[in-house]
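Please open the model in your viewer and take the stops below in order, selecting each group of residues as it comes up.

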Amino acid sequence: MNNQSKMPNDLSSFWMPFTHNRGFKEDPRMVVSADGMFYKSADGRDILDGTAGLWCVNAGHNAPRIVKAVQQQVAEMDYAPNFQFGHPKAFEFASRVADLFPEGMDHVFFTNSGSESVDTALKIALHYHRARGDAARTRLIGRERGYHGTGFGGISVGGISKNRMHFGSLLTGVDHLPHTHDIAKNAFSRGCPEHGGIEKANALLDIIALHDPSTIAAVIVEPMAGSTGVLMPPKGYLQRLREICTQYGILLIFDEVITGYGRLGKASASEYFGVTPDIITTAKGLTNAVIPAGAVIVSNEIYQSAMDHADAAIELFHGYTYSGHPMAAAAGLATLDTYAEEGLFENAAALSSYWEDAVHSLKGGRNVIDLRNLGLVAGIELAPRAGAPGSRGMEAMIKAWEKGAMIRVTGDIIALSPPLIVEKSHIDQLFSVVAEVIAEIE
Ligand SMILES: Cc1ncc(COP(=O)(O)O)c(C=O)c1O
């Protein structure tokens with residue numbers, strides 16, 4: 001069977017997520033297989049994966065150990081409930097996940113996605129305060145331009161207007177920090193920007209003054225914001241948020257759905273920045289995206305408090321049919337083994353300066369108004385066209401696909417985040433495509 005014959009006859013039934021459906025269905029970009037750093041397109045071309053799928057295939061495609069673990073698990077036990085029963089791999093998986101996160105965060109709640117991890121984290125935060133008799137702490141603070149998935153909790157604390165404006169009144173009692181992006185002061189920063197960290201974090205003090213700390217349950221931020229167009233935290237920002245939250249008894253949640261599992265060259269952004277939150281949300285790289293899964297890592301204080309203050313036999317009335325699914329546990333254990341044995345977090349760290357140079361080699365490119373990098377992440381911001389914001393970004397994505405690379409765009413910002421198995425030759429290939437694409441876009 002040649003690849004062309006793998007094209008479906010009908011594209012209309014599948015309502016594609018976060019996609020310009022009408023445009024895609026006129027001119028589909030279809031991938032039919034994948035291996036290592038490459039996809040294969042339906043017309044038989046190798047497509048370099050510049051985005052690790054959707055920031056999730058950190059160990060590269062078809063990693064043999066993960067494939068084998070999933071095959072074995074499906075034959076051994078397809079499904080087991082974790083409500084009032086259990087299976088050993090879920091427990092083993094939880095301990096292995098906890099080992100990767102900061103000291104004092106030893107408990108893991110499993111979900112099926114980043115969005116569910118965020119909803120779970122917000123609910124655990126509310127539950128924590130209420131169970132301890134601090135029931136007035138119900139407010140949740142997110143951040144402008146934040147992305148926390150698409151559940152009602154996530155879009156409420158999230159700060160991307162298109163993700164919010166169509167969906168009613170959302171959760172009540174939510175406020176937002178200002179975003180941290182400041183091109184005027186920080187354009188073309190290498191790594192974390194110099195300016196604005198303390199000032200932007202201190203904006204939390206104004207929100208606290210407005211609502212009173214006794215009403216605030218939690219602050220949630222992405223330590224490095226990915227989906228909004230790659231915004232690095234300015235220096236000192238996360239440390240200052242931690243100080244303020246501690247001072248006022250507010251829980252700090254880091255949404256590490258993108259940064260977890262090696263993206264910055266460490267197991268987590270919390271480790272990378274040396275800042276320990278109270279709750280960490282993860283998904284994506286947890287299982288290399290082979291089986292959908294998420295994990296919420298909580299502090300010992302939060303877990304113990306739920307045990308100590310339980311008002312019923314069940315301490316937390318929350319969970320999913322597939323929390324700790326055997327397939328996810330098997331895929332996840334094999335994923336964590338692969339990361340460790342192949343030294344993939346270390347590879348990301350070792351290549352990050354080569355990556356940084358490649359990113360900043362685009363300086364002076366047509367319409368390029370900012371370049372950002374951290375770990376194995378890049379943000380390339382193009383000036384929007386007058387009256388047609390987003391059109392340059394869309395053109396860039398399509399041209400890169402035609403030239404053999406998968407890149408991701410948010411508006412006019414190109415986001416790159418390759419699998420952590422990437423080599424220098426792949427980085428050269430990716431940036432040569434991106435440079436060509438940028439040069440061609442008027
Ligand atoms: C920071 C962050 N949180 C949550 C999510 C949502 O994850 P999912 O699409 O698995 O629900 C994403 C997805 O990109 C994300 O980047």
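Helices here are DSSP runs of H or I with at least four residues, strands are runs of E with at least two, and both are numbered from the N terminus. Counted in this way, the chain of this predicted model has 16 helices and 15 strands. The radius of gyration of the chain is 22 Å, close to the 22 Å that the globule rule gives for 442 residues, so the chain is as compact as a globular protein of that length.

**The whole chain**

Begin with the C-alpha trace, which spans about 60 × 55 × 45 Å along its principal axes. If you colour by burial, 47% of the 442 residues count as buried. Of the contacts between residues at least 6 apart in sequence, 73% join residues at least 24 apart.

**Helix 4 and helix 13**

Next, select residues 88-100, which form helix 4, together with residues 326-341, which form helix 13; the two pack with their axes 9 Å apart and at an angle of about 40 degrees. That angle makes helix 4 oblique to helix 13, and the crossing of the pair is left-handed. To see the contact itself, show Lys89, Ala90, Glu92, Phe93 and Arg96 on helix 4, and Pro326, Ala329, Ala330, Gly332, Leu333 and Leu336 on helix 13. Sorted by class, this contact has 7 nonpolar residues, 1 polar residue and 3 charged residues.

**Ile124 in helix 5**

Move now to helix 5, residues 114-131, and pick out Ile124 within it. Is Ile124 buried or exposed? Ile124 has 23 other C-beta atoms within 10 Å, and because the cut-off for burial is 20 or more, Ile124 counts as buried. Leaving aside residues up to four places away in sequence, Ile124 touches Ile279, Val296, Val298 and Ile302. Add His318 to the selection as well, since the C-alpha atoms of Ile124 and His318 are 8.9 Å apart in space, although the two residues are 194 apart in sequence.

**Helix 9 and helix 10**

Select residues 197-211 for helix 9 and residues 237-248 for helix 10, whose axes come within 7 Å and cross at roughly 25 degrees. Angles under 35 degrees count as roughly parallel, and helix 9 and helix 10 are therefore roughly parallel to each other. Helix 9 passes helix 10 in a right-handed crossing. On the side of helix 9, the residues to display are Gly197, Ile198, Lys200, Ala201, Asn202, Leu204, Leu205 and Ile208, which meet Tyr237, Arg240, Leu241, Ile244 and Tyr248 of helix 10. The contact between helix 9 and helix 10 has 9 nonpolar, 2 polar and 2 charged residues.

**Val275 in its loop**

From there, go to the loop between helix 11 (269-273) and strand 9 (279-282), where Val275 lies. Val275 has 20 C-beta neighbours inside 10 Å and so counts as buried. The residues that Val275 touches, apart from those up to four places away in sequence, are Leu238, Gln239, Arg242 and Ser270. A distance label between the C-alpha atoms of Val275 and Cys245 will read 12 Å, for a pair that is 30 residues apart along the chain.

**Two residues with positive phi**

Most residues other than glycine have a negative phi. Against that background, inspect Ala52, which is not a glycine and yet has a positive phi of about 45 degrees. Ala52 is found in helix 2, residues 52-55, and is buried, with 29 other C-beta atoms within 10 Å. Then select Leu170, also not a glycine, whose phi is positive at about 60 degrees. Leu170 lies in the loop between helix 7 (161-164) and strand 6 (174-177) and is partly exposed, with 14 other C-beta atoms within 10 Å.

**Helix 15 and helix 16**

Finish with helix 15, residues 391-402, and helix 16, residues 424-440, which pack with their axes 9 Å apart at an angle of about 130 degrees. This makes helix 15 oblique to helix 16, and their crossing is right-handed. Which residues make the contact? Helix 15 contributes Ala396, Lys399 and Ala400, while helix 16 contributes Val433, Val434, Val437 and Glu440. By class, the contact of helix 15 with helix 16 has 5 nonpolar and 2 charged residues, and no polar ones.

Note on methods
Residues are numbered from 1 along each chain as its sequence is written. This is a predicted model: local features need pLDDT of at least 70, side-chain atom pairs count only at pLDDT 80 or more; totals for chains, interfaces and linings use all residues. Axes are lines fitted to C-alpha atoms, for helices over the stretch in contact, and angles run from 0 to 180 degrees between N-to-C directions. Angles under 35 degrees count as roughly parallel, over 145 as roughly antiparallel, 65 to 115 as roughly perpendicular and the rest as oblique. A crossing is left-handed if the near helix is turned anticlockwise from the far one by less than a right angle, and right-handed if clockwise. Two residues are in contact if their C-beta atoms, placed from the backbone, lie within 7 Å. Ala, Val, Leu, Ile, Met, Phe, Trp, Tyr, Cys and Pro count as nonpolar, Asp, Glu, Lys and Arg as charged, and the others, Gly among them, as polar. The radius of gyration is taken over C-alpha atoms; the globule rule is 2.2 Å times the number of residues to the power 0.38. A residue is buried if 20 or more other C-beta atoms lie within 10 Å of its own, exposed if 12 or fewer, and partly exposed in between; C-beta atoms are placed from the backbone.
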